[in-house]
Structure formats: structure tokens, C-alpha cells
Amino acid sequence: MNDIVVEYPYDEPPPEGVARQVAEGIWWVRMPLPFVLDHINLYLLEDGDGWTVVDCGLNKDGVRDLWETLIRTLLAGRPVRRVLVTHFHPDHMGLAQWLLARFPEAELWMSLAEWLWSHFAFDARERNMEEMLRFWRRNGMATTTVDAMRGRGNFYAQNVVRPPIVYRRIQHGDTIRIGEREWQAITGSGHSPEHVCLACPESKLLISGDQVLPRITTNVSVLFVEPDGDPLQQFLDSTRAFAHLPDDTFTLCSHDRPFYGLHERLAQLRDHHRVRLDDGCEALAEPRHAIDLLPVFFHRPLDLHQQSFAIGESIAHLHNLWSAGRAEREQGPDGVFRFIQA
């Protein structure tokens, strides 16, 4: 399952903030993140007399400085016409409003669910913090960890400029012309509610965002607003949406390096989650809650930032087992949910 199935045409990424051309009219830029996953890939597409930007980077001084350098160099006086955000997560959405203010004629393009979630996360998360923490407590999170999570405040608003009010909606199946190419919008769920990927089968190109990554598996978490959801099944179903793309599609992803081997990687992702589900089910010979399963699913130490993702992903696998009838869920006198083999 862990054998490398992808091919990287580039041995190394470009330096932070330095543009590298990866296809005619398409430039790859890497921006820093202050986490274990320390970067995001952005893509700048030549678009007539201007540019389309795909994803933005975090709202941090250093990232804005790198953008200013790109504006002076790569953009060369040609304006940004469109800021296309694949999904609402802060590393993708962070500087969208800043770029729109920098280029007043530019438009924000994203899916409806992602636009709505950007506003909810920016304005409502602090107000709903206690509901989120109750959700984690019901799934076995220790009080000390809950308190540490509370102390982080609104992580989203700390890393995103207030999201724009006006936008252009992208829906699955839309055709979007950027420069000389026509791109198909493919939306997927699981990692986020309506994640937008862009495919150009004629040019054998896919801008995959976080929906398809070559080395790590994108996070799939149950969220507190939908506490009984099954996002893992949504993610697995979404992997079938790329079946029509050519075998030699060049995938421009948001983390790691662009790669070949799209269909092999999608099959590997499905197999990865199948093995995780089997391991999780085996561990449920006696009642276990989501926190108990972290050592089963994650074989490394986790910092506080990583724990919030890992817990959501553990719950997602348990919910998929529950939805499939492979596990049962019960709530104990302590209010904590535990799962056991059906």
C-alpha cells in the first residue's frame, strides 16, 4: 500500500515565492505554512491580458511580501482578473480578499458551499466554540486537550482576511475558459464540502487542490456542525469523478510536488482507507471511542494542531463503519460515544 505509485517530473520544488513554469501559461508557486505541513502550492494561469490565481496562501506578512514580489516580477504589470479558490480552508482562502483589494477588477470564483463555509468559519466559530468542544468531548477528548483547543481562539479568523461578500459561483460540470484552455469543474466532498478541481483533458492537466495529493492522504473529518456525518464515504465516492481523465494526466496538487500517476494514486487512496477501516474494525472487539483509535490510525506523535485533524479523521472512519453496519455506536453515562463491532 505504501509503494510509490506516482512520478515526479521535478526533483525539488521552487524556492518560496519563486514562480516555475510547469505547462504552457501555468506557473507553480510555493508559499510557506507555519505547521508540520510547511507549504502550499499555488498556481498562476495566464489569462488573456491578465492572470487567474488558483488559491492564495495564509494571511501572514511574509506571504503578502512574497506576493508583492510576484506582482512586480511574474505578473509584469498584467492584472489579476480572477481569484479562484478551490476550498475554504485558510491556506487556500487566506489572502483572497487582500488580492481582490490589490486588483479591484478581479472576481472571486468558488463553489457556493465553500463560500458559505468561509463566512461561517470566520464569523461563527468563536460563537460556536463550546458546541465544537462538546462534540470533541462526546468523542473522548481529554479535558486538558479541550481547554488547550479553547485557548487557540478562532484559528480561522487569525489566518484569513475577512472573506469577500460578492463572488462567482462554480458548480460541478461548469466549463471555465482560462486563456486558451477550457477547464471542467469537478467538485468533490469529504475533505471539504464542495471542493473545486479543474480538469483540462485535452491538455492532460488537473489542478487537484487538496482532493488528490501524491504522498499524504488529505484529511477527512467529521465536523461538529454535522456530528453524525459520513464524510469518508463522500470522499471515496468523489475519487470516481476523475475516471474520464487520461492516464497520463499531469496533476497540479496543493501539497508536495506535481505528479503523474493520477489513477494509480486514486486507487491507492481507496486501498489506504479500506485498510484503515479494517484495522479500525478489528480494534473494536471491545467498546472504544475515537481517541482510543488514534494509535491505530496514526503511528506518530501529534501536536495540538494535528490532533484536531486526527480526531476528526478517527471519527470519520468510525462513522463509516457505523454507516456500513460493521460497528454499533452507544453513548455511555459519561456522555461519550463508544463503538463496538456489530
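1. A salt bridge, as the term is used here, is a side-chain nitrogen of Lys or Arg within 4 Å of a carboxyl oxygen of Asp or Glu. With that in hand, a good place to start is the network of such bridges that links D271, R274, D278 and R326. Please keep in mind that this is a predicted model. In total, the structure holds 20 salt bridges.

2. Let me stay with one pair from that network. R326 and D278 form a salt bridge whose closest N and O atoms are 3.0 Å apart. Helix α9 (residues 262-282) carries D278, while R326 sits in the loop between α11 (304-323) and β14 (327-331), so the bridge ties together parts that are 48 residues apart in sequence. Neither end is hidden away: R326 is partly exposed at 33% relative accessibility, and D278 is partly exposed at 31%.

3. Now for a pair in another setting: are D47 and R82 buried or exposed? Both of them are buried. Their salt bridge brings the closest N and O atoms to 2.7 Å. It also links distant parts of the chain, since D47 belongs to strand β3 (residues 39-47) and R82 to strand β5 (residues 80-84), with their positions 35 residues apart in sequence.

4. One more bridge may deserve a glance when you go through the side chains. R288 and D292 meet at 4.0 Å, N to O. The cut-off for a salt bridge is within 4 Å, which is useful to have in mind when reading that pair. D292 itself is partly exposed, with a relative accessible area of 28%.

5. Stepping back to the whole fold, the protein chain has 11 helices and 15 strands. Its radius of gyration is 20 Å, close to the 20 Å that the globule rule gives for 342 residues, so the chain is as compact as a globular protein of that length. Along the principal axes, the C-alpha atoms fill a box of roughly 65 × 45 × 35 Å. Buried residues make up 56% of the 342. Of the contacts between residues at least 6 apart in sequence, 66% join residues at least 24 apart.

6. A word on surface and charge. The accessible surface of the protein chain comes to about 14600 Å², and carbon and sulfur atoms account for 50% of that. There are 34 positive and 48 negative side chains, and the centres of these two sets lie 3 Å apart.

7. If you would like a residue from the interior to look at, try L206 in strand β11 (residues 205-209). L206 has a relative accessible area of 0%, so it counts as buried. Leaving aside residues up to four places away in sequence, its contacts include C197, L198 and A199, as well as F242, L245, F250 and L262. By contrast with those contacts, I40 is 166 residues from L206 along the chain, and their C-alpha atoms are separated by 16 Å.

8. Finally, two backbone points to check by eye. Which phi does K204 have, given that it is not a glycine? K204 has a positive phi of about 55°; this residue is found in the loop between β10 (195-200) and β11 and is partly exposed, at 35% relative accessible area. D256, also not a glycine, has a positive phi of about 75°. D256 lies in the loop between β12 (250-253) and β13 (259-260), and its relative accessibility of 14% makes it buried.

Conventions. Residues are numbered from 1 along each chain as its sequence is written. This is a predicted model: local features need pLDDT of at least 70, side-chain atom pairs count only at pLDDT 80 or more; totals for chains, interfaces and linings use all residues. Side-chain values use heavy atoms; hydrogens and water are left out. Helices (H or I, at least four residues) and strands (E, at least two) are DSSP runs, numbered from the N terminus. Buried means under 20% relative accessible area, exposed over 50%, partly exposed in between (1.4 Å probe, protein chains only). The radius of gyration is taken over C-alpha atoms; the globule rule is 2.2 Å times the number of residues to the power 0.38. Contact means heavy atoms within 4.5 Å. Accessible areas come from the Shrake-Rupley method with a 1.4 Å probe; for residues, only the protein chains shown count as cover. Lys and Arg count as positive and Asp and Glu as negative; His and the chain ends are not counted. The place of a charge is taken as NZ of Lys, CZ of Arg, CG of Asp or CD of Glu.
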